[in-house]
Amino acid sequence: MSRIDTPTHPALIDNFGRQINYVRISITDRCDFRCVYCMSEDMTFLPRSEILSLEEITRLARAFTELGVGKIRLTGGEPLVRRNALWLFQQLGRLPGLRELVLTTNGSQLTRYAQALRDAGVRRINISLDSLQPARFARLTRVGDLNKVLQGIEAARLAGFERIKLNSVILKNRNHDEVTDLVRFAVEQELDISFIEEMPLGVIGDHDRAEAYYSSNELLGDLQQSFELFPTTETTGGPSRYYRIPGSDSRIGLISPHSHNFCDSCNRVRITAQGRLLLCLGQEHSMDLRQILREHPDDMPRLKHAIVQSMDLKPKGHDFNLQEQPVILRHMNVTGG
Ligand code: SAM
Ligand code: SF4
């Protein structure tokens, strides 16, 4: 009997014994921002025919949930700039077996979509916010409008998501001096916040990633000057290590791909906007699911079989090295952060 025929046995287990129960899908490589750590200023985006259709994404999501995946995150690029993105959230929100439908967004479109997303079944939402200073925010995103994002955060709060988490990528001498202000903001607004070390994905033409590296440990030291922080063992199923501040419900997370490798407990895979199943963010091991979706559109068993087979390709871990030119040439917007 094959692994997909045995419902009592989790289908997606890799060669290192890790169970895959979380999939992140990039639904577009396009974005209304050009964050300096994510994209180059002058990006060429994929032609539409290369991108999975919303129906293809829905089929893929169904295959994964039937293989025991309980959590799907839609990301991008900016997922909410894709036309009819809401339709996709509504479809996925109805998938039996999906426990958690979540979203990562830059927040620019939330005043428009927050309530509808909540109604579609999105439970938690991550909003990227790297600065509370309008001019600096505009420089880091190259084009973003801080005010619009702050209004988006407010709309998300009013929409009643179970939790809202801010994500801040911290770069030395660009925004590292703002970590205390960002935590204060999160606490005041009753949000969680995670700080992310920059990862060397794609050529960005803005800064030297090694020079901009600001480790989670340095950042933690800065925060401890102003807050009493207690480590917790809580997890949201992601790579964040969490801290709490007494008297506040906010969780302060650190995502540290360089200083604290989290590969041993990796439970996820990613799907690029072109339908390439990526087994690791920091490696190129992958399987082309778009080909199967397009050549055999009605063959769900074939699709599921390919996904099960892909588990053999999942590498032990990433190999990020800030001293070298990016080895991974794809940008984060294609991969889905
Ligand atoms: N556009 C949405 C957003 O910004 O939230 C979703 C896609 S974005 C690629 C997802 C997350 O990846 C964001 O929190 C962003 O800050 C983060 N990110 C992008 N490039 C990164 C990099 N090179 N290293 C670390 N995080 C990165
Ligand atoms: Fe766009 Fe998100 Fe990348 Fe910024 S991090 S350029 S918002 S995809």
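Visitor: Ok, so Ala, Val, Leu, Ile, Met, Phe, Trp, Tyr, Cys and Pro count as nonpolar, Asp, Glu, Lys and Arg as charged, and the others, Gly among them, as polar. What does the shell around ligand 1 have by class?

Guide: Six nonpolar, nine polar and four charged residues. This is a predicted model, where local features need pLDDT of at least 70, side-chain atom pairs count only at pLDDT 80 or more, and totals for chains, interfaces and linings use all residues, while side-chain values use heavy atoms, leaving out hydrogens and water. Residues are numbered from 1 along each chain as its sequence is written, with chains lettered from A and ligands numbered from 1 in the order in which they are written.

Visitor: Which residues are closest to ligand 1?

Guide: Y37, G77, T105, S128 and M199, out of 19 that surround it. To be in that shell, a residue needs a heavy atom within 4 Å of the ligand.

Visitor: And what does E78 do there?

Guide: A polar side-chain atom of E78 sits 3.2 Å from a nitrogen of ligand 1. That's a polar contact, here a pair of N or O atoms within 3.5 Å. The backbone joins in too: a polar atom of G77 is 3.0 Å from a ligand nitrogen, and one of T105 is 3.1 Å from a ligand oxygen.

Visitor: How much of ligand 1 gets covered?

Guide: The protein covers 96% of the 530 Å² of accessible area the ligand has on its own, by the Shrake-Rupley method with a 1.4 Å probe.

Visitor: Switching ligands, what surrounds ligand 2?

Guide: C31, F33, R34, C35, C38, M39, G77 and N106 do. By class, that makes five nonpolar, two polar and one charged.

Visitor: New topic: which residues of α1 meet α9?

Guide: R59, L60, R62, A63, F64 and E66 in α1 meet M300, L303, K304 and I307 in α9, with contact meaning heavy atoms within 4.5 Å. Helices here are DSSP runs (H or I, at least four residues), numbered from the N terminus.

Visitor: What's the mix by class in that contact?

Guide: Six nonpolar, no polar and four charged residues.

Methods
Polar contact = N/O pair within 3.5 Å; in protein donor to acceptor, adjacent residues only side chain to side chain. Helix = DSSP H or I, 4+ residues; strand = E, 2+ residues; numbered from the N terminus.
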